[in-house]
Amino acid sequence: MKWCIIGAGGIADRRAIPGILKDDGSRLVAVMDRIVETAETVGRKYGVPYFTDEADMLSSVDCDAVYIGTPVFCHYEQAMTALRFGKHVFLEKPVAMNAEQSDLLVREFEKAGKQLTIGYMMKYHNLHEKAKELVQMGGLGKVCEARAQFTCWYPEIAGAWRQKKALGGGGALMDLGVHCIELLEFLLDEEIQEVKGFCANRTFSYEVEDGAVFAFRTESGILGHVDVHFNVPDAASESKLELYGSSGCVICKGTLGQEETGVLTYLYAPQGEYSAQQNRTAAKPREYYGENVDLYCKQIQRFRETVESGAPDYFYAKRAVQVQKVVDELYKQNEKI
Ligand SMILES: NC(=O)c1ccc[n+]([C@@H]2O[C@H](COP(=O)([O-])OP(=O)(O)OC[C@H]3O[C@@H](n4cnc5c(N)ncnc54)[C@H](O)[C@@H]3O)[C@@H](O)[C@H]2O)c1
């Protein structure tokens, strides 16, 4: 698969291009960035031609797929440009500025029969796959609660697109919350149906929220909550994911992020009769560890295999639209931001 890159400087250079290069069936053929110095530096680094205009690149270079790693406000137009050139697209999360725009984009790709994959790579983490397997085999009994906490330290930075509503579409919720929603829905294999939440600017005074917390209820009635923050130091963050059920629990620590790291603790402790003693140490937990495989490469490989199969798959792209609906609803509830 021959790849072109739109938005070469950030996550593309750090994670996506290295992921493409590690995949035996993929090859990088050109990069494009709006900033000429970035385009040139990245192009030279990987030994491929560089451009500053996406249409220029796509009309001069032969490629099968386009990876888009630009700020959110660019996603819709650039994905549509790539589609007009007949390309399959791997688009970074979140899909677009809101659910309506996201839905439109997915429909256009489906109509054209081109693959559209959104960069929610955390579901390929071996410990998240393990957590899903435990849920599916009934290892937690009837799941009743799901939680995710994801934070990073993101102080005011002059010119940062993520700190402007018109460029990023929102703050911590749009940037980190979307990962949590997508991952929880993957693990539970069902969607969030109802949410109630708060957004705040507790620490920083930029335009978008620096923290958000919400409670939810899924289709089958699982309750849960998500906390996302731009204002907790990286070293102080637990970034935890927890699932509880009638027979046990799964707790993942250090698994939410860009690497396949962390530990999953699984406790199987079904309990028959009520016990007033409430013995909390009766069962022995088991631990599983991250395998340190490149998550971006895994997602690139799945994307390529889907394209090669000739049967485009829109399940997760549609799920990503539903994720945006949850975010839209929470922003509506907090309209003052
Ligand atoms: N899946 C993940 O793990 C992950 C991690 C980080 C970022 N992201 C997503 O990736 C996207 C980019 O985030 P980032 O952190 O890399 O941002 P960034 O600002 O660090 O990098 C974006 C790059 O795009 C370039 N750019 C800006 N406008 C452009 C345009 N109109 N055309 C072409 N290039 C343009 C910039 O010059 C820069 O090189 C966002 O959607 C973000 O949410 C995903």
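Reader: Aspartate 189 lies in a loop between H8 and strand E8 (192–200); what makes H8 a helix and E8 a strand here?

Author: Helices are DSSP runs of H or I with at least four residues, strands are E runs of at least two, and both are numbered from the N terminus. Helix H8 spans 172–188, so it qualifies under that rule. This is a predicted model, where local features need pLDDT of at least 70, side-chain atom pairs need 80 or more, and totals for chains, interfaces and linings use all residues. Residues are numbered from 1 along each chain as its sequence is written, and side-chain values use heavy atoms, without hydrogens and water.

Reader: What makes the phi of aspartate 189 worth a remark?

Author: Phi there is near 60°, a positive value in a residue other than glycine. Most residues other than glycine have a negative phi, and most peptide bonds are trans. Another bond to look at runs from lysine 93 to proline 94: this one is cis, with omega near -15°. Proline 94 is in the loop between strand E5 (88–91) and helix H5 (99–112).

Reader: Now the ligand: how do you know that glutamine 78 and tryptophan 161 make polar contacts with it?

Author: A polar contact is a pair of N or O atoms within 3.5 Å; within protein, one must be able to donate a hydrogen and the other to accept it, and residues adjacent in sequence count only through two side-chain atoms. The side chain of glutamine 78 has an N or O atom 2.9 Å from a ligand nitrogen, and that of tryptophan 161 has one 2.9 Å from a ligand oxygen, so both pairs pass.

Reader: Why is the ligand said to lie between two domains?

Author: Domain 1 (2–121) and domain 2 (126–289) both give residues to the shell around the ligand, so it lies between them. The domain bounds come from an automatic or database assignment. H4 supplies the largest share of that shell, three residues.
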